[in-house]
Amino acid sequence: MTTLPSQNLQSVRPLSKLFTSNNGTDNSGVVGKASASEFSADIGDVLGDVTIFTAADQPVFLKDLWDQNQGIAVVALLRHFGCPCCWELALGLKEAKARFESAGVKLIAIGVGTPNKARLLAERLPFPMDCLYADPNREAYDILGLYYGFGRTFFNPASTKVFSRFESLQEAVKNYTIEATPDETSSVLQQGGMFVFKGKQLLYAHKDEGTGDHAPLDQVFDICCKVPA
């Protein structure tokens, strides 16, 4: 995937390690781990029919979360609500939310677990519940082909970049609780990803190679800003 030039984001960098450097590459020199072209043309339709849950335990179709014609949405799939690295990502998303919304972009965060687990993250981080959703059966993750397994979760080399973000991780887990971990223990082996849609069209795809291998948020922001009208 071609790296897009980064805009000037110096005024919004409280969690700078989650963002790319000024030349548009992340700290490891690696950008998106998946191309939108690897997905079928109807991925937006298929994904849109998935039922997820609000943090208040209300079912909702994914397609109802943004305008399916022209709306631009960033869909961030966290590993699970009890993952410390996902608390770090959630904090970065929260601090970037106003910036994305000012550009007309809907920010959506989905995690593996039940709505009560989502509420724990929302209350303790804290994180805005109006853009937080639960996918207890990992349906969206399966449709998007996100990675899963013991090796990916604990031994993938991509996970080592977490160590370069120790300070932001430490900030994010000040009120962390392991109780946010899904009751179904196999769910902790799920990896996440980040996707940009314009309506039903998939424009950008990043599949986390390992735990903590998050998409650089300023690269995602740049892509959103370059979407043709």
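**Exercise 1. Determine whether R138 is buried or exposed, and describe its backbone.**

Solution. R138 is buried, because its relative accessible area is 14%; buried means under 20% relative accessible area, exposed over 50%, and partly exposed in between (1.4 Å probe, protein chains only). Next, locate the residue: R138 lies in the loop between β5 and α4 (139-143). Helices (H or I, at least four residues) and strands (E, at least two) are DSSP runs, numbered from the N terminus. Finally, R138 has a positive phi of about 60° although it is not a glycine.

The structure is a predicted model, in which local features need pLDDT of at least 70 and side-chain atom pairs count only at pLDDT 80 or more, while totals for chains, interfaces and linings use all residues. Residues are numbered from 1 along each chain as its sequence is written, and side-chain values use heavy atoms, with hydrogens and water left out.

**Exercise 2. State where D57 is placed and how its accessibility is classed.**

Solution. D57 is placed in the loop between β1 (51-54) and β2 (59-61). Its relative accessibility is 45%, so D57 counts as partly exposed. The phi of D57, near 75°, is a positive value in a residue other than glycine.

**Exercise 3. Describe the surroundings of L132.**

Solution. Begin with the position: L132 is in strand β5. Its relative accessible area is 0%, so L132 is buried. Then list contacts (heavy atoms within 4.5 Å). Leaving aside neighbours within four places in sequence, L132 is in contact with residues including F53, F81, A118 and F127. As for A118, it is 14 residues from L132 in sequence and 7.2 Å away in space, C-alpha to C-alpha.

**Exercise 4. Classify the arrangement of α2 and α7.**

Solution. First, take the axes, which are lines fitted to C-alpha atoms, for helices over the stretch in contact, with angles running from 0 to 180 degrees between N-to-C directions. The axes of α2 and α7 come within 12 Å and cross at roughly 20°. Second, apply the classes: angles under 35 degrees count as roughly parallel, over 145 as roughly antiparallel, 65 to 115 as roughly perpendicular and the rest as oblique. The two helices α2 and α7 are therefore roughly parallel to each other. Third, identify the residues that meet: G92, L93, R99 and F100 in α2, and L217, V220, F221 and C224 in α7.

**Exercise 5. Identify the peptide bond geometry between L125 and P126.**

Solution. The bond from L125 to P126 is cis, with omega near -10°. P126 itself is found in the loop between α3 and β5.
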